[in-house]
Structure formats: C-alpha cells, structure tokens
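Subject: Handover of a structure and the findings on it

Dear colleague,

Please find below the structure that I am handing over to you, together with its sequence. My account of what was found in it follows directly after.

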Amino acid sequence: MSLISVSGEPGSRREELARAVAQSLQCEFVDEPRLGQLLAGEFGAETPIPDRAWPHAVASILAQFAARHHVVAAIPAAELLAANFPNILRINVIAPEARRIGNLMLDHGLERAAARDRLRELEARERLDRKNKFGRTKPLPARFDLILNADTFDAAGAAAIVEAAMRTRGMLRVGLLSDSAQASLQFQLRLQLARYGLVPAGQASLQKAVFSHPSEQMFANLLDFYRIAWEYEPRSFPLQWDKDGRVAEAFTPDFYLFEADLYVELTTMKQSLVTRKNRKVKLLRAIYPHINIQVFYQKDFQNLVFKYGLPQPVETA
C-alpha cells in the first residue's frame, strides 16, 4: 500500500492539495471531517478519545483503509501518524503569511485584520494540539519527504510533483497492505489503545467471564481490542484416571481462540507453580496430540508490559 500524509501550515489550503493528489492518483481521501466520522463509528460517538491515545486510534483507522486502498490523509501532524507504515510519502505544505491570510479572507469572507487574527488563533490551536497529542509544538523538517510551497505551485501543479515523486520511489507499483502486515500493525496499535480503555465497535460478541487472575483480564482485553473471538476456560482435559476409570487429574486451559483453533495458557504466577503447569501441558500434548496449545510465560507477559507500557498486573499466589 501507499500512504500519502499531507500536513501543512494553517491557511495553506493543504486539504485542497491533498484532494487533488487523491483524485489524480485515484486514492482514498481522508480529511479531518471524515476522520471524525470514522472515529465515532469505530469507538462510539459518545466516547472521548484522550489526546495521547488519539494518534494510535487514527493510525488504526488508516491501517484498515490501507488494506483496501492507497490513502491520502490530510490531517494535522499526519507525518507523525504514519511512522509505522511500510510505504509512505510525507508532505508538508507551506506558504508565506500574506498568502495564508489572503486564503482565509477568501475562504471565510473576512477582512484582512480579522483574517490575521484568525490565522494566529489557528496557529496557536494547532501548536497546542500537537503538544497535547505528540509532545511537541512544531513540525520538524526532517520528518518530511517533500515540502511544497503553495505560493509557487497551485493544487494541480503540486499534485503532479507528488505523483512524480511517487513514481521515482516506485510507490505506485506497491500492492495494498497485506493481511499479515495489517495484523502486526493493528496488534501494536491496540496494545497502546488498551491503556486508555478504548473499545472499537464491531468487536467479537463475548460472554462475561470472572477471571481468577488480573493477567487473564488484561489478556482478554487485548483479544477484544484485536477483535479475536475467545472463550474463557472452555473445557477440561482429563490427564490421569484412577483404577476405576474416574478422572484423577485434569487440565483446563485459560482461553480458546475460535478462529485459530488454539488454546492459550497464561503462566504468570509464582515460579514454584510453573513446573506443575508445565507438566500438565506436556501430558496434554502427549495424550491429545491434535490439540493446539500455546503457553504464555511470565517473562513473555512482562515483555509486553514493559514494551507497551501496560499496567503491571497484581501478582497473586
């Protein structure tokens, strides 16, 4: 897939350039109003999205589009949203202040003084928005692949330059984002979203479960965010029988993932209990070789906690 991110100074008419690029290259076009609709549909119209979660939520939306279309995204600070995408062209649109004031005069029917005040307001709002969402107030030139001056090129001319740049980089020959690439990208993004309790619409319909350990609740949340259907402790497997044929020992895996036909066992308890569980898993594999089971050890869970900044689960005996 190809993702073209279009950022720009307020009043530079960056959306006009981005729309021209999308029409010229027949790409999907996403601007701020459409993004607002998509976020409302994905997370719920009444769900507030925290500033620090916003970049991950938007990147998740763009990844879904990128699996079906090449995308032009005209969103402030779009160059920072696209950091993890495999094939991107990051554009920044600039223009002299006088040109940007003139654009606001024409677009909003303002006098010059009012347009100048409006430009100051937009610039201050965008600086604050960048700081709250990304921790910095100004874009860095090194973040962009192409900087276009709207005072030199109109939208059609800028679109031609963008198309030439994409052809030079071979971006027009690249296929769409593969299912595996999107899955990997979405998993990382949803790990981040899990920190803020954001639940996308259309998640698997799941029954409520009472978990015996906080780590199981966290793992279930991650599966929900990744839209993987699961069942908690779905069945027990007999492992040993007494002389009368009654079950003397059994093993109940923590989760079953329907689509993958996979059982998952979390082992995040005290190390003294891990050996006993490993023995049961080994017995299960020997007695039921057709059963797929994956053991998730404490160090694996901690790696996720440390890597993605997830809350540390409370250890219990």
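I begin with a point of local backbone geometry. Arg13 is found in the loop between E1 and H1. Its phi is positive, at about 60°, although Arg13 is not a glycine. Most residues other than glycine have a negative phi. With a relative accessible area of 27%, Arg13 is partly exposed. Please bear in mind throughout that this is a predicted model.

A second residue invites the same attention. Glu233, which is not a glycine, has a positive phi of about 45°. Glu233 is placed in the loop between strand E6 (230-232) and strand E7 (237-241). Its relative accessible area is 37%, so Glu233 counts as partly exposed, the class between under 20% (buried) and over 50% (exposed).

Overall composition

The chain contains 11 helices and 11 strands. Of its 317 residues, 45% count as buried. The chain exposes about 16300 Å², and carbon and sulfur atoms supply 51% of that area. Among the contacts with a separation of 6 or more, 68% are accounted for by residues 24 or more positions apart.

One pair illustrates a long separation along the chain. Ala183, which lies in helix H8, has its C-alpha atom 9.2 Å from that of Ala63, and the two residues are 120 residues apart along the chain. Ala183 is partly exposed, with a relative accessible area of 25%.

Nonpolar cores

In soluble globular proteins, nonpolar side chains tend to be buried together. The largest nonpolar core here has 29 residues, and those with the most contacts inside it are Leu35, Leu39, Trp54, Val58, Ile75 and Phe85. Two or more residues of this core come from each of H2, helix H3 (54-66), strand E3 (71-74), helix H4 (78-81) and helix H8 (179-194). H3 provides the largest share of this core, with nine residues.

Which residues does Leu39 touch, leaving aside its neighbours within four places in sequence? Leu39 is in contact with Gly44, Ile49, Trp54, Ala57, Val58 and Ile61. A second, separate core has 26 residues, including Leu25, Val93, Ala155 and Ala165.

Pockets

The largest pocket holds about 620 Å³ of space. It is lined by 25 residues, of which Arg14, Glu15, Glu32, Leu122 and Glu126 are the closest to its centre. At least two lining residues are supplied by each of helix H1 (14-25), helix H2 (32-43), helix H5 (97-108) and helix H6 (112-134). H6 gives the most, with six residues. By class, the lining of the largest pocket has 12 charged, eight nonpolar and five polar residues.

In the second largest pocket there is about 290 Å³ of space. Its lining comprises 14 residues, and those closest to its centre are Glu9, Pro10, Glu126, Arg127 and Pro139. Strand E1 (3-8), strand E4 (88-94) and H6 are the elements that give two or more residues to this lining. The largest share, four residues, again belongs to H6. The lining of the second largest pocket divides into seven charged, four polar and three nonpolar residues. Glu126 is thus listed close to the centre of the largest pocket and of the second largest pocket.

Cavities

How many cavities of 30 Å³ or more does the structure hold? There are two. The largest cavity has about 50 Å³ of space. Trp54, Pro76, Ala77, Glu126, Asp129, Arg130, Lys133 and Phe134 line it. H6 contributes the largest share of this lining, five residues. By class, the lining of the largest cavity has four nonpolar and four charged residues, and no polar ones.

Two residues link these sections. Trp54 lines the largest cavity and is among the residues with the most contacts inside the largest nonpolar core. Glu126 lines the largest cavity and also appears in the lining of the largest pocket and in that of the second largest pocket.

With kind regards

Notes: Residues numbered from 1 in each chain as written. Predicted model: local features only at pLDDT ≥ 70, side-chain atom pairs only at ≥ 80, totals over all residues. Heavy atoms only, no water. 1 Å grid on protein atoms, 1.4 Å probe; cavity = no way out; pocket = protein on both sides within 12 Å on 5 of 7 lines; lining within 4 Å. Points joined across faces, edges and corners; volume = space filled by probe spheres on them. Nonpolar A, V, L, I, M, F, W, Y, C, P; charged D, E, K, R; others polar. Buried < 20%, exposed > 50% of the residue type's maximum accessible area, 1.4 Å probe, protein only. Contact = heavy atoms within 4.5 Å. Areas by Shrake-Rupley, 256 points an atom, 1.4 Å probe, with all protein chains shown as cover. Core = buried A, V, L, I, M, F, W, Y, C linked by side-chain atoms within 4.5 Å.
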